[in-house]
Amino acid sequence: MRWIAITIQSAFVLVLAVGFGAPIPLWPILWICALQAVLNLPPLWRRVSAVVSEPVAGFTQILIDILALTAIAYLAGGGTNPLISLYLPLIAVAATILPPRHAAAIAAISIGCYSLVSLVHAPAHLHDPEQAFRSHLIGMWVIFVCSALTIGWFVVRLNAAVRSRDAALAAARETALRNERVVALGSLAAGAAHELGTPLATMAVLVGELAADASLPPQAKADVELVLTQVRECKRIITRLAARAGSSRAEAVQPVSADVWIEQLVERWRRQRPQVVPDVRIDGAIPGPRIAADATLEQALLNLFNNAADASPGQVAIHAGWDTQQIHVQILDRGRGIPPEISGRLGRDLVSTRDDGAGMGVVLALSAVEQSGGTLSITDRADGGTLAKVLLPLACIGAEAAHGR
């Protein structure tokens, strides 16, 4: 806006002096405009803002504009100069962005300067009175249009900034509430993991004795072996979580290539869900980029894998790939899809598409993905089922970036 004001002032005095031949001191006025331009350079105001508060810096800028406008008006006709209307945009800006006392000071100074140059100023007579009146009307119209456009543009930009800030605050509040819920769930999960150790140990002993029973039929023996495998997997999960809890990211995470990470993650999941045979496809240059994904992110993907398996155990597809910027993982199923009444709340609230589900897994997955700098979207597939798409920027989970945090 200051550049606009400087341009209007310079153009107007040039037209008045050169176009209409008004006897005004052109060069002193242009020097004033040039000084304004120098003072408006960003490096200078960055230094000023570094040593004074933001309201003081804004007040100083507007005060300089008022003094420059007053000097130009004094040299070019005083209150009869249409440029005098440029006080109004300055007052409007001050009232919008400055604290009340600073804005009141700007308004008072503007009124004082307007009154001063209306009483005391250098005359700017034109020899033809009719031409002088016409140029005055044209100047008033031009300055009014410029002032209206400037104020309108400023207010529109300000409203857009306010709306953007409100949206950001609402998103921050939503994230804070979800994080509080995730922290509460984490505390409960830590207690549950501690308590599960004893019953899992008991189950392991009992199932181990059953597996060693020679009189057990082959079919039952296979089922017992499967249960024993699952119990051992549960114990491994609890042990792994306990080992990683409290460790820093750099200490707890070993960088691996993306293709190895995906394969290991799918293999872990298949041990938990041996009855599911997923369609796994990995696209991208081998070896993939080295990443350092923490346990929460891995658990997020496992939750999404499990949701797909619950929706359609016989038709689960996991497609992963990467480029120089990000890794993408798509989990596809052929389930019932997402009901419209919960599509906007999925991942934000504890809602589920299953009758016996709590919706906790998607909330935890969304939180973990966003904390890793990525995004998670869950949408219906056009031909039936659900698509969960995870995008993970390499800048956030790359091995160098992760260890540099």
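## Trp3 and other features of the chain

Trp3 is partly exposed, because its relative accessible area is 43%, a value between the limits of 20% and 50%. The model described here is predicted, and every value below was computed from it.

### Overall makeup

The protein chain has 405 residues, and 36% of them count as buried. Its secondary structure consists of 15 helices and 7 strands. About 22200 Å² of the chain is exposed, and 64% of this area comes from carbon and sulfur atoms. Take the contacts between residues at least 6 apart in sequence: 70% of these join residues at least 24 apart.

### Trp3 and its surroundings

Trp3 belongs to helix α1, which covers residues 2–19. Which residues does Trp3 contact, leaving aside its neighbours within four places in sequence? They are Ala37, Asn40 and Leu41. Leu41 is 38 residues from Trp3 along the chain, and the C-alpha atoms of the two are separated by 9.8 Å.

Trp3 and Leu41 also share a nonpolar patch on the surface, together with Val38 and Leu44. The accessible area of these four residues together is about 350 Å². Val38 sits in helix α2, residues 26–39. With a relative accessible area of 48%, Val38 is partly exposed, as Trp3 is at 43%.

### An aromatic pair

A pair of aromatic rings is described by two values, the distance of the centres and the angle of the planes. The structure holds 2 aromatic pairs. One of them is formed by Tyr87 and Tyr114, with 6.1 Å from centre to centre and 50° between the planes. This pair counts as tilted, because an angle of 50° is neither under 30 degrees nor over 60.

What does the pair tie together? Tyr87 lies in helix α5 (residues 87–97) and Tyr114 in helix α6 (residues 100–119), so the pair links parts of the chain that are 27 residues apart in sequence. Tyr87 is buried, at 3% relative accessibility, whereas Tyr114 is partly exposed, at 37%.

### Cysteines

A disulfide is a covalent bond between the sulfur atoms of two cysteines. How many disulfides does a search of the whole structure find? The search finds 0. Cys33 and Cys113 are among the residues tabulated below. Cys33 is buried, with a relative accessible area of 3%. Cys113 is also buried, because its 11% is under the limit of 20%.

| Residue | Relative accessible area | Class |
|---|---|---|
| Cys33 | 3% | buried |
| Cys113 | 11% | buried |
| Tyr87 | 3% | buried |
| Tyr114 | 37% | partly exposed |
| Val38 | 48% | partly exposed |
| Gly284 | 38% | partly exposed |

### The loop between β2 and β3

Strand β2 covers residues 279–283 and strand β3 covers 290–291, and Gly284 lies in the loop between them. Is Gly284 buried or partly exposed? Gly284 counts as partly exposed, because its relative accessibility is 38%. Ile327 is 43 residues from Gly284 in sequence, yet the two are 9.5 Å apart in space, C-alpha to C-alpha.

Pro287 is placed in this loop between β2 and β3 as well. Most peptide bonds are trans. The bond that joins Ile286 and Pro287 is cis, with omega at about 0°.

Definitions and conventions:
Residues are numbered from 1 along each chain as its sequence is written. This is a predicted model: local features need pLDDT of at least 70, side-chain atom pairs count only at pLDDT 80 or more; totals for chains, interfaces and linings use all residues. Side-chain values use heavy atoms; hydrogens and water are left out. Helices (H or I, at least four residues) and strands (E, at least two) are DSSP runs, numbered from the N terminus. Buried means under 20% relative accessible area, exposed over 50%, partly exposed in between (1.4 Å probe, protein chains only). Contact means heavy atoms within 4.5 Å. Rings of Phe, Tyr and Trp (its six-membered ring) pair if their centres lie within 6.5 Å; planes under 30 degrees apart count as stacked, over 60 as edge-to-face and the rest as tilted. Patches are made of residues with over 30% relative accessible area and no salt bridge: like charges are joined within 9 Å, nonpolar side chains (Val, Leu, Ile, Met, Phe, Trp, Tyr) within 5 Å. Accessible areas come from the Shrake-Rupley method with a 1.4 Å probe; for residues, only the protein chains shown count as cover. A salt bridge is a side-chain nitrogen of Lys or Arg within 4 Å of a carboxyl oxygen of Asp or Glu. A disulfide is a pair of cysteine sulfur atoms within 2.5 Å.
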